[in-house]
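Reader: I have a model to look at. Help me see how its labels are earned.

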Amino acid sequence: MRVSFAAAWALAFALLWASPTRAVPSGPAARHPAAAADAAHTGEPTPTASPPAPALALWPPAPLAEMPDRDPVRSAIDRAWRLPANSLEERVARTQRAGLSLGLRDLDGPARALLLSEEHGGAFERAAQAVRLAPNLPAAQASLAQAQLERGSIPEGLRTLGTALDVVPKHLEARAWMAATVSQAATLAALGWAALFLFLGAASSLPTLMYGLGATRLKLSGPASLAMIGALPMGLALHEGPAGAALGLAAIAAASGSAAKRIASVAVAGVGLIALYSGADRVALGRMLLVADPLAVAVHRIEAGLPTSDDVGVALRAAGADEAAAQAVAVRAKRVGEREVAAQGFARILDRRPTADVFNNAANIEYARGDLARAIELYEKATKLEPSAIAYLNLSQAYGQAIRLDDQDRALLSAQALDSAAVELWSGHALGNEAFVTDVSLPAASVAARAAKMDAPAQLAAALRARLAPGWIGGGWRTAALLMAIVLIAAAAAARALERAAGPRDFYADLARTLRSGVGDSAQRVAQLNRLRTQRARADRLLTVVALIVPGAAGFRFGRPVAALIAAAAFAIGVAAACAWLFAPPDPMAVGPLPGMLSRAVVLACALTYVFSTAAAFVLRLEE
């Protein structure tokens with residue numbers, strides 16, 4: 001699905017997140033059932049078979065000790081890329097065919113190498129061919145978008161940028177990088193917005209509250225009344241940390257002013273609480289996504305064609321107890337040529353995990369073995385459970401091989417409706433008339449869901465919250481919400497009682513009282529009035545300067561809290577976006593120029609929003 005540039009900005013902030021071990025049999029008999037006969041023929045002792053696991057029989061195609069040092073799948077793709085070619089397009093098409101023959105649609109390794117190289121044409125040509133190699137690699141899509149924009153193709157560049165954002169959640173490394181970076185920026189923006197708005201709101205409430213404390217029976221002077229008001233955030237800060245200080249400021253901000261200001265103060269305090277909990281959870285999950293569940297990551301990498309020897313070892317050890325690991329091992333067995341072993345593995349998996357991806361990958365094995373009837377049956381089950389372009393394309397290939405041309409056309413139309421780019425890849429002239437079927441890897445969303453169930457992300461989120469809220473506020477969102485409600489309600493009740501006792505505060509009422517007072521002669525009263533006017537004019541000039549300098553202050557200065565809300569949000573989001581761009585962790589060549597492009601767009605949009613909201617506060621005040 002392609003999205004517009006405006007939607008891309010919104011998505012960026014919505015953007016707004018010990019594997020089980022088991023003894024693995026070693027020796028030739030563990031690799032293949034015929035190995036025992038070979039051992040008897042050669043005179044070698046036959047190893048004793050290991051008992052089956054409770055969930056799945058152990059059937060890995062090869063134990064870790066007998067694996068080659070170099071992965072055969074990656075070697076085949078590397079060989080196809082390195083062979084001489086007359087053009088970049090020929091090299092890319094040959095590498096594509098090598099990957100598709102193994103069931104791999106996305107070839108991240110060659111695509112990343114192409115993006116980093118300067119030997120194969122210009123930036124636009126390299127990016128376009130990288131997209132053909134790995135259409136779900138955000139770095140490739142973002143590089144193509146940047147090249148299109150630099151060439152002046154604005155509509156195409158924005159559409160490709162939208163595609164780059166759309167594929168981020170599908171790519172595991174990009175998802176982890178963006179989740180950690182964007183979630184952290186969004187959380188800091190929300191917390192910064194809350195702190196700035198509540199501080200300005202509390203500052204705007206001080207004169208009224210200090211007047212009330214001085215006009216009542218308490219008769220507190222300026223410093224004494226200021227100390228009494230400041231005791232609330234200071235006391236909460238001592239027990240609750242920075243989050244407590246922010247809660248105290250929220251109470252002061254909501255204690256005085258218009259209804260709009262009070263509602264906005266309570267709402268912003270709620271935003272800060274959400275950021276403290278939901279934001280910290282998302283940041284922690286993004287940081288831990290690649291390490292919280294090593295087994296899920298290993299399964300994803302194996303099925304995506306990017307495994308290390310450690311990944312394969314983790315999956316082999318868990319294949320007897322974890323269906324996802326067993327499926328990854330079976331898919332790898334098919335790719336290295338052990339089709340019968342892979343078929344046996346999927347026969348076991350289908351009984352326990354009858355999902356769309358299992359049906360699709362099992363059908364691919366039957367297709368490779370030449371059993372078209374069984375392959376079509378499994379593809380049809382996959383499309384019924386979860387319609388996807390890949391499953392329909394695979395089904396169309398099986399229909400074509402079975403000479404069921406009408407059914408093939410219907411399957412192709414279904415695939416076209418779901419993902420036209422995938423159909424374009426298969427129908428590209430560079431691939432000729434070869435028929436390919438593609439495996440479905442464990443989705444990045446499934447890896448994230450498994451990681452979220454682990455203890456590590458929750459522990460990291462609690463540690464992040466403890467830095468800002470070491471007390472009751474950080475102990476649980478229900479406790480925090482209850483404490484916030486109690487403090488805000490108590491502050492509002494106290495402020496209401498103070499207003500009734502002291503009466504309204506008005507500058508012109510002060511002038512009238514001065515005129516009616518009998519102290520001194522008329523000249524003295526006039527002199528006192530002039531001093532009051534001079535002080536008021538000096539205070540107005542100072543507040544106007546503050547309104548121009550301090551983000552969001554103009555809205556409070558001229559009685560427009562909504563303008564202050566917008567200006568403070570724009571400032572906080574812009575600063576967070578700039579910091580996320582400048583101080584982001586190194587990119588593992590998964591997102592490419594995407595963060596920089598988004599950050600610049602967000603900073604520009606926030607700057608325009610800030611200027612507009614600040615100017616609106618001045619203009620609306622002048623029109624009153």
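Reader: How do you know that the length of helix α29 fits its number of residues?
Author: This is a predicted model, and the check is simple. Helix α29 covers residues 561–582, which is 22 residues. At 1.5 Å a residue, 32 Å is expected. From first C-alpha to last, α29 reaches 31 Å, close to that value.

Reader: Which residues of α29 are buried?
Author: Among them are P561, A563, A564, G574, A576, A577 and A580.

Reader: Why does C579 count as partly exposed?
Author: Its relative accessibility is 35%. Buried needs under 20% and exposed needs over 50%. C579 lies in between, so it is partly exposed.

Reader: What makes C606 buried?
Author: Its relative accessible area is 6%. The cut-off is under 20%, so C606 is buried.

Reader: How many disulfides does the structure hold?
Author: Zero. A disulfide would need a pair of cysteine sulfur atoms within 2.5 Å.

Reader: What about helix α12: how do its span and its 13 residues agree?
Author: Residues 242–254 should span 18 Å at 1.5 Å a residue. The end C-alpha atoms of α12 are 18 Å apart, so the two agree. Its buried residues include A243, G244, L247 and G248.

Reader: Why is α11 called roughly antiparallel to α12?
Author: The axes of α11 (residues 222–240) and α12 cross at roughly 155 degrees and come within 6 Å. Angles over 145 degrees count as roughly antiparallel, so the label fits. In the contact, α11 uses I229, L232 and P233, among others, and α12 uses residues including P242, A243 and G244. The crossing is right-handed.

Notes:
Residues numbered from 1 in each chain as written. Predicted model: local features only at pLDDT ≥ 70, side-chain atom pairs only at ≥ 80, totals over all residues. Heavy atoms only, no water. Buried < 20%, exposed > 50% of the residue type's maximum accessible area, 1.4 Å probe, protein only. Helix = DSSP H or I, 4+ residues; strand = E, 2+ residues; numbered from the N terminus. Expected span 1.5 Å × (residues − 1). Axes fitted to C-alpha atoms, helices over the stretch in contact; angles between N-to-C directions. Parallel < 35°, antiparallel > 145°, perpendicular 65-115°, else oblique. Left-handed = near helix turned anticlockwise from the far one by under 90°. Contact = heavy atoms within 4.5 Å.
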